[in-house]
Amino acid sequence: MKSSTESNLPFKAESASIGISIADTCNNITYNLTNNNNNNNNNNNNNNNNNNNNISNNNNLTLPLNRSRSNSMNSGPTVHVISNTTGRGRSSSMSSNNMAINQPCSSSISSTNSVTTTTNNSNSSNSGIGSSSSSSSSSYYSYFSRKSKNNKKIKVPSSPESIGGMGIMGGSIDGDNKYSFVLTASPSPNTYFNNNNVNNNLANFSLTDEGYLDTIAHENLKDSATLIRQRDISSEWATKPIPNNCTSDQARKLLKTLIRKGIPDKKRNFIWKTIIGTNDADQTHCYNSAYSSSFGDESDPNIRNIPAFGGLFSPSDHLITEQGVKQVKSILNLIHTNSHVEYCPQISDLVHILISFMSESNTYTTTSLILKDAEENRPHRILNIDKKECTKFVHSFDHLIELHLPKLHRHMITIGLTNSFVFSDEWFSRLFVSFLPYNTVLRIFDILLNEGYKVLYRIGLALLKTHKKQLKKQKDIEKFLSTLNKLNLQMFDADALIKVAFESISLKRSHLEDINDKQNHKVKDVPEPAPIYYRSKITIPSVILNSDDFELIWAWLPPRLSVATPRRLFNSVTDGNNVRLLYESLVEHTHILVVLKSDNGSIFGFYSDSEVQPKLGFGDRNCFLFTLKPHVHVYRPTEKNQLYMSFKEQSISIGHSNLGEVGLFISADLNGKTGATETFGNPCLNDKDQHTFQTIVLEAFTIEQ
């Protein structure tokens, strides 16, 4: 295909399974769709021929928009119009017969008799498609539309898909205003590395093979230069085969340079799993077993309590679908109930990013392996899993600022900013999410997964180094922080930031470990966070416990149960004053909480991790005694003896002393006695040392995960 302005085009049209030609005459533009992949005989006029399926001006053309499971947009013939003349924020009018419009994403666009065109930023009069743009996301994409001669609208949907694979035509319209027409009907350049076959099935196009990425929103954040660059990097990835027997450590070294250049969206799932070793994980990190132990056979658990591990749960800062948000809640719950991690503020954002490009099972397994790396303190670990380590990380960063940016550090001290905690703690705790443009965050995340925590230091220093001139002009803390935040949000050029981080800053892992060790004295008094209680919805309220009582008990439960929901199984007033009836109500249930109110107003009870049923033996140490009135206290095993629990046909005994005392004895009629024991180090649980008691009411709950 030839165009009168072909010399102005930034690159030549590529062949595709569907060809589109634009004939630019004095007052008319004709759309021709052909199924000929390389038809070199297309004429730039309004005449039909046997090889072309002409779409007449007398018909409406509306091309469908479909969404896949991941809410991605399926590609259809799409026309992008990008002006290469006027500057950012300016506009130019066009005649009603030649109408080019520039709009953000929407379902379809049709022109009116007067159209204003807002163009991408350009520093030259002929920058074309290949020029870099710093325009806002609301004007990244341009579309073409016009009215036919009989005033019927021809509409082209606003698909934010690739610039390549269909063809590019250009023309000079309305005098000196030059426009390049970009016609696309192929998948995103992100899929170029494995979609070289021109006969792509466009109806099944998705930006990712799995995951819950909102691809419409994601693509809308990219300008044309970014899309072109992604196509180029996709081609480079296509030439980099990964051996089938490659271990995760080998893959890290093999792909290090290429990952720093960027991972195509379509490739992220595979690369992330390869460098983390997701596919080689053992049963310990298996999603199915974790799900089964937490939710049983329930296919759609109703999750109300969301563990954030000391961080922030903020789906609105990510580009995932509603179903993706639901999966994040489930995975965070699984991590909480199947690991010993209580504090790790990065986990929430980590899971949000992973689920964008991975299935829920791969996301869980990958996160589990990342936590294992942190627990084993491996060199490429990326998480800190206790509060002291998180605090030390920030103190180490302060030392690095002083070492690498001494003038900026002195300026910070001068204005009263004695450390970076006020901004860097949030950077690192959220993996820069909401502090940098999201595409920049993804680029950083790719490298972080591969190279470990050192990347966070590099990016933090690179940001300060990039902005140091503007920051040193600020005369107080408030202006310093607001300027830093504003400049960070404008950091769309991830390549420039990464170049500063890895070419201008020298960091050795051994040096970082030494710096980190020197911060120990600064964190010795940092308290570990208290267990978080989540107020669960109780369908049948307790007649003994109020919400404050539940909050106290939940702080004593194992961490994996702090997001669980209590369900009442037994109430002696309604179900009967008999221990046999109590046993029957607790059949096949674990995580049992038994609480009673005695005749003098005392409230006390016990918790058992295992079944409360008649059996031999004395149970295990996963139990405790507690009192709520007249005083609040929990009594855990002392290891002085192992006589934890005894469940007989007609009685329950919790804890024993060498003198024959029982911590809590409940007889067949639910009355009982209490005394001091070595098992739990407890005194008499009933008020005023009344060892025997009458039970006013007894309740039993199961703690459902």
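Me: A residue is called buried when its relative accessible area is under 20%. With that in hand, what makes strand S14 count as mostly covered?

Reply: Good place to start! Keep in mind that this is a predicted model. Of the seven residues in S14, six are buried, so each of those six falls under the 20% cut-off. Across the whole protein chain of 705 residues, buried residues make up 55%.

Me: Why is Asn450 called buried?

Reply: Its relative accessibility is 3%, and the limit is 20%, so Asn450 counts as buried. Asn450 sits in helix H12, residues 438-451. Beyond its neighbours within four places in sequence, Asn450 is in contact with Arg252, Lys256, Ile259, Ile275 and His380.

Me: What makes two residues such as Asn450 and His380 a contact?

Reply: The test is whether heavy atoms lie within 4.5 Å. Asn450 and His380 are in contact, so they have heavy atoms within that distance.

Me: How many disulfides does the structure hold, and why do Cys390 and Cys344 not form a bond?

Reply: The structure holds zero disulfides. A disulfide is a covalent bond between the sulfur atoms of two cysteines. To be counted, a pair of cysteine sulfur atoms must be within 2.5 Å. The closest cysteine sulfur to that of Cys390 is in Cys344, 6.5 Å away, so the two are too far apart for a bond.

Me: Is Cys390 buried or exposed, and what about Cys623?

Reply: Cys390 has a relative accessibility of 10%, so it counts as buried. Cys623 has a relative accessible area of 3% and is buried too.

Me: What makes a group of residues a nonpolar core?

Reply: The members are buried residues of certain kinds, including Leu, Phe and Trp, joined through side-chain atoms within 4.5 Å. The largest such core here has 93 residues, and Ile347, Trp427, Phe432 and Leu464 touch the most other members. Helix H13 (residues 454-471) gives the largest share, nine residues. Trp427 is in contact with Phe432 and Leu464, and also with Phe397 and Leu484, among others. A second, separate core has 28 residues, including Leu586, Leu596, Tyr635 and Ile652.

Me: Why do S14 and strand S15 count as paired?

Reply: Pairing takes at least two bridges. S14 and S15 (residues 603-608) have six, running antiparallel, so they pass that test. One example is Leu593, which stands opposite Tyr607 in S15. Four residues lie between the two strands of this hairpin, where Gly601 has a positive phi near 90 degrees. S14 also pairs with S23 in the antiparallel sense, over seven bridges, and Val595 has Glu699 in S23 as its bridge partner.

Me: Which strands sit at the edges of this sheet, and what makes them edge strands?

Reply: The open sheet has six strands in the order S13-S23-S14-S15-S16-S17, with antiparallel pairing. Strands S13 (565-571) and S17 (633-635) are the edge strands, as each pairs on one side only. On average, neighbouring strands are turned by 20 degrees against each other, direction ignored. S17 is joined to S16 (residues 623-629) by three bridges; Phe626, for instance, has Val634 in S17 as its bridge partner.

Me: What packs on the sheet, and what angle does its direction make with that of S16?

Reply: Helix H17 (residues 547-556) packs there, touching S13, S14, S16, S17 and S23. The direction of H17 makes about 155 degrees with that of S16. Such angles run from 0 to 180 degrees.

Methods:
Residues numbered from 1 in each chain as written. Predicted model: local features only at pLDDT ≥ 70, side-chain atom pairs only at ≥ 80, totals over all residues. Heavy atoms only, no water. Buried < 20%, exposed > 50% of the residue type's maximum accessible area, 1.4 Å probe, protein only.
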